[in-house]
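Me: I would like a close look at a single part of this protein. Please take the sheet and what packs on it, and go through it step by step.

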Amino acid sequence: MIKANFEDFLAFLKDKKILITTHNLVDIDGLVSCHVLKFFFNQYFEKSEIFLHFSEISKSTRKFMAKFAERFPSFNFLFNKDIDKSKIDVVLILDTNNLDQVGFPKNFDMLDLKIPIVYLDHHHSNENKNINVNLNSLIFDKYSSTAEIIFELCKEFKVELKDPYNYLLISGILTDSGFFRYGNNDTITRVSKLLDQKLDIQEIFLMLNNDNSISEKIAKIKGIQRVKLIREGPWLIGVTRIGSYEASVASILIKVGFDVGIACSEKKNEYRICTRANKKVCLKTGLHLGKILEELSNQCEGRGGGHEGAASINGKGALANILDKIKEKIVKILNK
Ligand SMILES: [Mn+2]
C-alpha cells in the first residue's frame with residue numbers, strides 16, 4: 001500500500017521544479033525531513049531542481065543545528081530565502097497538513113497561485129479545507145515523525161544515506177516520538193536500522209540535549225519554590241508565578257507530578273499565563289485548555305488559545321481576575 005503511494009508520489013514529482021518547505025517555527029523533525037528529502041530527490045531523480053525554504057526556525061532547532069555543525073562541519077544547512085514563484089511547479093509541504101501553519105517566501109501568496117500543493121506528513125488530517133491539495137499527498141498518521149516516512153522512502157527506493165543524514169533522521173524521530181514515548185515498535189526498529197551504520201546514540205542524545213540558559217533554570221527553580229498546590233479529587237493543579245519562561249515553567253510543573261500546571265507572569269499592566277495538562281487528565285475529564293483560554297480571551301482584553309494540553313493567554317489588566325476565572329473553569333471540569 002505504502003509503496004504504491006510512494007510510487008505515485010514520485011511519478012507526480014518527476015521532472016518538476018519542487019519547493020520543499022515545512023511549518024513555521026521549524027522544529028527538528030521538520031528541518032531534518034526537508035534536508036533528507038532534498039538529498040533523496042537529488043539522488044533519485046536524474047535531473048531535479050529542488051528549492052528549500054524555511055520561515056522562522058525555532059530556538060531549540062537552532063541550538064541543535066549549531067551542535068550538529070560542530071560534529072559535521074561540512075554539512076550545509078543553507079536554504080533559499082527568496083524564490084521566484086514562476087520557477088516552481090509544485091510545493092511540497094512537510095510535517096504539517098495545514099496551510100495556515102506555513103510561512104512562504106515573500107511575494108508567495110499561495111491563494112493566488114495555481115501551483116499544486118503536496119503534503120508529506122504524519123499529523124492527523126482534518127477535513128481538508130485547504131486549497132489545491134494534490135491527491136498524491138502522503139499523510140500517514142500512524143508514524144510518530146515525518147522523518148520516519150522519509151526513512152521508509154529512502155529504504156524502499158534504495159537511496160543510501162551517509163552519516164550526517166542518518167544522524168538527522170534519528171534526531172527527528174527521537175524528538176517527535178518523545179524519545180519513543182509516543183512511538184511504536186516500528187519507531188524503534190527504524191532507529192535501530194539507522195544506528196546499524198555504526199552510529200553512537202549517546203552522541204545524538206548529546207546533540208539533542210537542550211541546555212537551558214541560567215536564567216531559564218532559575219525561573220524553573222523559582223517556579224517550583226513558589227508553586228501552590230490545589231487538589232481536586234485525584235487531580236493535582238499547580239499554580240505559580242515567575243518573571244519569564246512561563247511555558248517552560250508550566251511544563252516543569254507537569255514533569256514534577258502536577259496534572260495541570262499554570263505559570264503566570266505580570267509586567268506593569270500586562271500578564272501572560274501559560275498552562276499545561278497531562279494526557280491522562282485531558283482524556284479522562286475532557287479538559288481542553290485551549291478552548292478555556294480562547295473563551296476567556298473573548299471576555300477580557302486578551303489573546304489566548306492553544307491545544308488541549310498546552311495553551312496560553314496574554315492580556316492587559318489584573319492578573320488575579322483572569323487567573324481566578326481560569327482556575328474556576330478548570331476545577332469545574334475536573335469535578336464533572
Ligand atoms: Mn513532526
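Reply: What follows describes the sheet, the helices on it, and a pocket that one of those helices helps to line. The model is predicted.

For orientation, the protein is divided into domain 1 (2-208) and domain 2 (214-334). The C-alpha centres of domain 1 and domain 2 lie 33 Å apart.

The sheet is open and has 5 strands, in the order β2-β1-β3-β4-β5, with parallel pairing. Its edge strands are β2 (49-53) and β5 (138-139), each of which pairs on one side only. Strand β1, residues 17-22, pairs with β2 in the parallel sense over 5 bridges. To find one place in this pairing, look at Thr-21: its bridge partner in β2 is His-53.

Two helices can now be added. Helix α2, residues 28-44, lies across β1, β2, β3 (90-94) and β4 (117-121), and runs at about 160° to β1. Helix α4, residues 146-156, also packs on the sheet and touches β3 and β4. The direction of α4 makes about 100° with that of β4.

Helix α4 also leads to the second largest pocket, since α4 gives the largest share of its lining, 3 residues. This pocket has a volume of about 220 Å³. Among the lining residues are Phe-151, Cys-154, Lys-155, Lys-193 and Leu-194. The elements that give two or more residues to the lining are α4 and α6 (185-195). By type, the lining residues divide into 5 nonpolar, 2 polar and 3 charged.

Terms used. Residues are numbered from 1 along each chain as its sequence is written. This is a predicted model: local features need pLDDT of at least 70, side-chain atom pairs count only at pLDDT 80 or more; totals for chains, interfaces and linings use all residues. Side-chain values use heavy atoms; hydrogens and water are left out. Domain bounds come from an automatic or database domain assignment. Two strands pair if DSSP finds at least two bridges between them. Helices (H or I, at least four residues) and strands (E, at least two) are DSSP runs, numbered from the N terminus. Contact means heavy atoms within 4.5 Å. Axes are lines fitted to C-alpha atoms, for helices over the stretch in contact, and angles run from 0 to 180 degrees between N-to-C directions. On a 1 Å grid over the protein atoms alone, a cavity is a set of points where a 1.4 Å probe fits but cannot get out, and a pocket is an open set with protein on both sides within 12 Å along at least five of seven lines; lining residues have an atom within 4 Å of a point. Grid points are joined across faces, edges and corners, and a volume is the space filled by probe spheres set on the points. Ala, Val, Leu, Ile, Met, Phe, Trp, Tyr, Cys and Pro count as nonpolar, Asp, Glu, Lys and Arg as charged, and the others, Gly among them, as polar.
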